[in-house]
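Subject: Structure for you to look at

Hi,

Here is the structure I promised to pass along. Have a look at it first, and then read on for what turned up.

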Amino acid sequence: MQEIVLNRITPLNEAQKRANAVFADKDGWTLPQSFSTTLEEYRAIREGAALVDRSYYGRLRIGGNDALDLLNRLSSNKVIDMPSGEGVSTVLTTNKGRIIDLLLVMNMGEDLLVITSPQTPSKVVEWLDLYTFGEDVTVEDVTEETALISLMGPKAGKILGTAAAEALPLYGVAEVTIGDIQLPVIRTDVLGIASYDLLTTRPQAEKVWAALAQAGAVAVGEEALETVRVEQGVPRYGREMGEEFNPLEAGLNSSISYVKGCYIGQEVVLRLNTYDKVQKHLMAIAFEEDSPAIATHMEIEGKDAGILTSVVDSPILGYALALGYIRTSYAEPGREVDVRIGDRLTKGKVLELPVKKA
Amino acid sequence: MPLTISISDKAAKKAKEFANKDNLGDFGLRVGVKGGGCSGLTYTLSIDHEPQPNDKVIEENGIKLFIDKKSYVFLAGTVLEYGDDLNGRGFAFNNPNAKTTCGCGTSFSV
């Protein structure tokens with residue numbers, strides 16, 4: 001008998017249905033693809049204020065006196081001594097320097113909030129548990145009992161209603177009131193665009209979503225988000241992040257401290273960086289004439305040059321744009337690559353990330 | 001591979017020397033591992049006076065070793081030694097489980 005695996009839904013599923021969202025499956029979840037048109041929603045992220053349900057990202061509450069120390073020993077950025085109200089992005093790496101996951105770690109005062117990739121909260125919990133011996137650390141997966149609602153775009157900050165919240169530094173935490181609900185807001189800029197993540201309880205989620213929509217934020221689905229993500233060159237778990245890649249290949253330099261001392265994988269990451277031994281790089285590749293599929297190989301002069309990991313139609317360019325890992329010797333803007341689509345060859349051009357208007 | 005943790009003559013002698021110098025009285029050595037270091041796990045060594053309820057207690061060469069259960073899994077077979085040559089001075093863990101160690105030798109993986 002075949003087992004039927006049901007996708008998970010977020011606490012906002014009913015509200016999104018009422019807003020006529022079109023749904024599709026992604027990373028084990030049923031999520032809104034779009035509410036209106038992808039282009040309108042794309043513009044809300046690029047030029048306005050977008051309302052995004054990020055509840056499918058994993059959320060862990062980590063407590064105990066040794067929590068910061070443990071995360072500091074296990075991940076690539078400096079986490080130790082992080083004051084309340086601040087945060088950091090950091091990569092859990094294997095001892096070979098490969099990516100377990102990219103984490104956002106925020107000191108919420110009482111405890112830490114850790115945002116993981118959608119597929120990884122259990123993996124991260126197991127990884128932390130494996131390396132916890134006698135330390136005072138508690139880890140709780142709170143993904144199910146909370147929701148994460150994001151405001152994105154140049155006008156997103158205005159909707160928060162306070163100058164202090166709007167001016168938050170990256171990964172900074174503040175309290176805001178949305179409707180009559182007090183809740184924490186975190187500046188995350190996850191797509192390299194101003195963005196604020198609001199952490200609500202499950203029962204509050206619909207009310208907060210409605211209040212933000214009422215205030216003018218435009219509900220946006222995964223299609224527009226994915227388009228902006230690819231243009232901005234932000235790696236996604238399962239596509240550009242995972243144990244096949246190291247953080248330097250994935251362009252996660254801003255999540256690495258080179259002076260903090262030892263963490264699992266540090267020796268490898270440091271060596272790759274110092275001796276310029278990074279084998280491949282995440283780059284954008286533009287395709288004017290055709291739209292290749294994910295996992296297609298790129299060739300330069302008949303030699304394998306890398307692989308495509310994500311493909312979208314880019315409004316900035318007006319044609320197909322891919323993310324892909326390209327061998328370091330070929331990873332320079334302007335390079336032309338050949339890609340096979342069926343029995344045809346089509347040309348792509350390597351671009352720098354984030355992609356800008358020509 | 002012996003499934004125990006032992007302490008060499010020399011390491012035991014040194015531990016007693018340090019304990020006498022600091023007037024520690026009745027003492028044991030807490031031996032363990034913790035997450036971190038480039039390879040994944042690092043050794044921990046400290047003075048303790050009593051074992052915790054779930055500790056494994058081993059006595060050899062007049063020294064009591066206290067090891068928590070989870071650390072024991074990674075340390076079974078280890079000999080705690082003391083080196084005083086050019087390659088390093090101080091207590092050292094000779095761990096047959098360690099498959100790789102990092103460049104500076106302070107961390108290992110199994």
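Let me start with a small puzzle: is A:Gly64 buried, exposed or partly exposed? Please keep in mind throughout that this is a predicted model. A residue counts as buried when 20 or more other C-beta atoms lie within 10 Å of its own, and as exposed when there are 12 or fewer. A:Gly64 has 16 other C-beta atoms within 10 Å, so A:Gly64 is partly exposed. You will find A:Gly64 in the loop that links strand 4 (59-63) to helix 3 (67-74) of chain A. Leaving aside residues up to four places away in sequence, A:Gly64 touches A:Asp136, A:Val137 and A:Thr138. A:Thr94, for its part, is 30 residues from A:Gly64 in sequence, and their C-alpha atoms are 24 Å apart in space.

Now for chain A as a whole. Chain A contains nine helices and 19 strands, and 48% of its 358 residues count as buried. Its C-alpha atoms fit in a box of roughly 60 × 55 × 50 Å along the principal axes. A compact globule of 358 residues would have a radius of gyration near 21 Å, and chain A agrees because its value is 21 Å. If you take the contacts in chain A between residues at least 6 apart in sequence, 66% of them join residues at least 24 apart.

Chain A is divided into domain 1 (13-55 + 144-231), domain 2 (59-129) and domain 3 (279-358). The C-alpha centres of domain 1 and domain 3 of chain A are 30 Å apart. Where these two meet, seven residues of domain 1 of chain A are in contact with nine residues of domain 3 of chain A. On the domain 1 side, the elements that give two or more residues are helix 2 (38-47) and helix 8 of chain A. Helix 8 of chain A provides the largest share, four residues. By class, that side of domain 1 has three nonpolar, two polar and two charged residues.

There is also a barrel to look for. Six strands of chain A form a closed barrel in the order 14-17-16-15-18-19, with antiparallel pairing. From one strand to the next, the twist averages 45°. Helix 8 (residues 222-232) of chain A packs on the sheet, where it touches strand 16 and strand 17 (319-327) of chain A. The direction of helix 8 makes about 140° with that of strand 16 of chain A. Within the barrel, strand 15 (residues 297-300) and strand 16 (residues 303-314) of chain A run antiparallel and are joined by four bridges. A:Glu299 stands opposite A:Asp304 of strand 16 there.

On to chain B, where 16 residues are in contact with 14 residues of chain A. Strand 2 (28-36), helix 2 (69-75) and strand 9 (107-109) of chain B each give two or more residues to that side. Strand 2 of chain B gives the most, with five residues. The side of chain B that touches chain A has three nonpolar, ten polar and three charged residues.

One last spot in chain B: strand 4 (residues 56-60) and strand 5 (residues 63-67) pair in the antiparallel sense over five bridges. B:Glu59 faces B:Lys64 of strand 5 as its opposite partner. This hairpin has two residues between its strands, and B:Asn61 takes a positive phi near 50°.

Happy viewing!

Methods:
Residues numbered from 1 in each chain as written. Chains lettered and ligands numbered in written order. Predicted model: local features only at pLDDT ≥ 70, side-chain atom pairs only at ≥ 80, totals over all residues. Pairing = 2+ DSSP bridges. Axes fitted to C-alpha atoms, helices over the stretch in contact; angles between N-to-C directions. Nonpolar A, V, L, I, M, F, W, Y, C, P; charged D, E, K, R; others polar. Rg over C-alpha atoms; globule rule 2.2 N^0.38 Å. Domains from an automatic or database assignment.
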